[in-house]
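Reader: I've got the model open and I'd like to know how its labels were earned. Mind if I quiz you on the empty spaces and the odd bits of backbone?

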Amino acid sequence: MKPASDKLLLRALAGETLPRPPVWLMRQAGRYLPEYRAVRAEADGFLDLCFTPDLAVEVTLQPIRRYGFDASILFSDILVVPHALGQKVWFEEGIGPRLEAIEKPADLAGLSRDGLHEALAPVYETVRRLRQDLPQEVTLIGFAGAPWTVASYMLEGGSSKDFAAGKKWAYGAAEDFQRLIDLLVEATGDYLIAQIDAGVEVVQIFDSWAGIWPEAALRRWCLEPVKALTARLKKERPDVPVILFPRGAGLLYRDFALESGAAGLGLDTTLPLGWAARELQSKVAVQGNLDPIMLVAGGEQLDRAVDHILTELGQGPFIFNLGHGIVPETPLENVSRMMDRIHGWDAAARRAG
Ligand code: CP3
C-alpha cells in the first residue's frame, strides 16, 4: 500500500516501521545553540520572541538548518495559553516562568477565552510562514501544554517542587479545579485547531508533570482531559495525528496507549524499553527516550545508548527523540554524533545480520 505521505514522521505515526526512524528533539530550538542565543539577545523578552513571527520563524528553522531534523516544532511556549486567557505571565532571567498566581476560586472569573485568538494571532502567523519556508520533507509540529501541566503553573505562579497548590485544589476543591481544567480543555482545543488551520501537520501535547499523581488522580486530571482534547481534534480535524507526552506516567502509559486516542506516545527517560515495545508499540507509535544528560556526556556511552534505543524500539513504529527537553549545556558536536549514528542505522540490515 502506498503511504499517504512520504514524510517519515507522518509514516511512523500512521503505524509504519521504517528502515531508519524519523528524529527530532524536544526543545531543539533553544539555548544550546549559539544562533538562538544571538536572536534571544535581540528580543525584549522571551514572550516577545514567541510573539514576533520574524524571530520565532528564524529560531524554529535554526536547528533544521544545522542538523537536518525530520520534524520542526513551532517555537512558542505552553504558557502562552494562560497569557491569552488574561493571566499575567513573564519570564525572569535565571529563574524561568512567573505568573500572577490564581489563589482562590473567585480568581477564575478573571480568565476568559474571548480574546484567545486575538492574543495568539502572531503564533498562527508564525505557523503560516513556517509552512512556506520549511524544506518539503520536514514535518511541522504544533503543540500545547496538557490542561493539568498548564494548570500547575497557573496555580503555583511558576515552576514547583511539590505541586502543593495544584494538589490542594484537586483534593480539597475538586469542583473548582474541574472548572479550571474544563476551561483549559476548551481553550487548548481552540488553540490547536487554529494551529492546524494555519498549517501544522502533527500536534504534540506536553503533560510534563503527569508523574506527580496517584493513580485515580492521574486518570481524572491527566488522562480524562487529554481524552476530551484528542476526541475533539479527531472529530474536527481527523487527518492530524496527536503525540502525547505524559511524562512520568509509569505503568499507566499502557492506559494512555489504549484510551487516550493519541497516535503516538512520548516516552520519558525512565520507561523500560522492552516493556514499552511489548505493551505500547502494537497500539501506538512510540517516541523517545534518550536521557538528555547522556547527550551532554557524549562519547562512546552515547553511541551505546543510541544503539540500545534503536535496537529495542526500531522494530516497530518509532520516532527518535529525548526523554525530556535538551539542556542548554549540551555540546553541539554530541548532537551531530547522535544524528550520524541514527542516520547510519538500518533496521532491516540489523535483522538480517
Ligand atoms: O524547540 C522547541 O521545543 C519549541 C519550543 C518550546 C519551548 N518550550 C521554548 C522555551 C516548547 C515545546 C516548550 C514547552 C514547554 N514550556 C514545556 C513542556 C516541555 C517540558 O520541557 O517539560 C514547559 C513545562 C514549559 C514552561 C517553561 N518555559 C519553563 C519551565 C521554562 C524555563 C525553563 C528553561 O529551560 O529556562 C520555559 C522557557 C523556555 N521555553 C525556553 C525555551 C527555549 C528558555 C527561555 C529562554 O530562552 O530564556
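Author: Go ahead, and keep in mind that this is a predicted model. A search of the whole structure turns up one cavity of 30 Å³ or more.

Reader: What makes the largest cavity a cavity and not a pocket?

Author: A 1.4 Å probe fits in a cavity but cannot get out, whereas a pocket is an open set, so the label rests on the missing exit. About 40 Å³ of space lies in this largest cavity, and its lining is made of Leu18, Arg20, Pro21, Gly314, Gly316, Phe318 and Trp345.

Reader: How does that lining divide by class?

Author: Four nonpolar, two polar and one charged. Gly counts as polar here and Arg as charged.

Reader: And the largest pocket, how much space lies in it?

Author: About 1300 Å³. It has 38 lining residues, and Arg27, Arg31, Asp77, Phe91 and Pro97 are the closest to its centre. Helices α2 (34-42) and α7 (147-156) and strands β2 (89-92) and β3 (96-99) each supply at least two residues of that lining. By class the lining has 22 nonpolar, ten polar and six charged residues.

Reader: Where does the ligand sit?

Author: The space it takes is the largest pocket. To say that a molecule sits in a pocket, more than half of its atoms must lie within 2 Å of the grid points.

Reader: Which residues come nearest to the ligand?

Author: Arg27, Arg31, Tyr36, Asp77 and Ser208, out of 22 around the ligand. That shell has 13 nonpolar, five polar and four charged residues.

Reader: Why is the pair between the ligand and Tyr36 called a polar contact?

Author: An oxygen atom of the ligand is 2.5 Å from an N or O atom in the Tyr36 side chain. The cut-off is 3.5 Å between N or O atoms, so the pair qualifies. The Arg40 side chain also has an N or O atom 2.9 Å from a ligand oxygen, and for Asp77 the partner is a ligand nitrogen, at 2.7 Å from a side-chain N or O atom. The protein covers 89% of the 880 Å² of accessible area that the ligand has on its own.

Reader: Now the backbone: what makes Arg27 stand out?

Author: Its phi is positive, about 60 degrees, although Arg27 is not a glycine. Most residues other than glycine have a negative phi. Arg27 is in the loop between α1 (8-13) and α2.

Reader: What kind of peptide bond joins Gly288 and Asn289?

Author: A cis one, with omega at about -25 degrees. Most peptide bonds are trans. Asn289 belongs to strand β8 (residues 285-290).

How values were computed:
Residues numbered from 1 in each chain as written. Predicted model: local features only at pLDDT ≥ 70, side-chain atom pairs only at ≥ 80, totals over all residues. Heavy atoms only, no water. Near = heavy atom within 4 Å. Polar contact = N/O pair within 3.5 Å; in protein donor to acceptor, adjacent residues only side chain to side chain. Areas by Shrake-Rupley, 256 points an atom, 1.4 Å probe, with all protein chains shown as cover. 1 Å grid on protein atoms, 1.4 Å probe; cavity = no way out; pocket = protein on both sides within 12 Å on 5 of 7 lines; lining within 4 Å. Points joined across faces, edges and corners; volume = space filled by probe spheres on them. Helix = DSSP H or I, 4+ residues; strand = E, 2+ residues; numbered from the N terminus.
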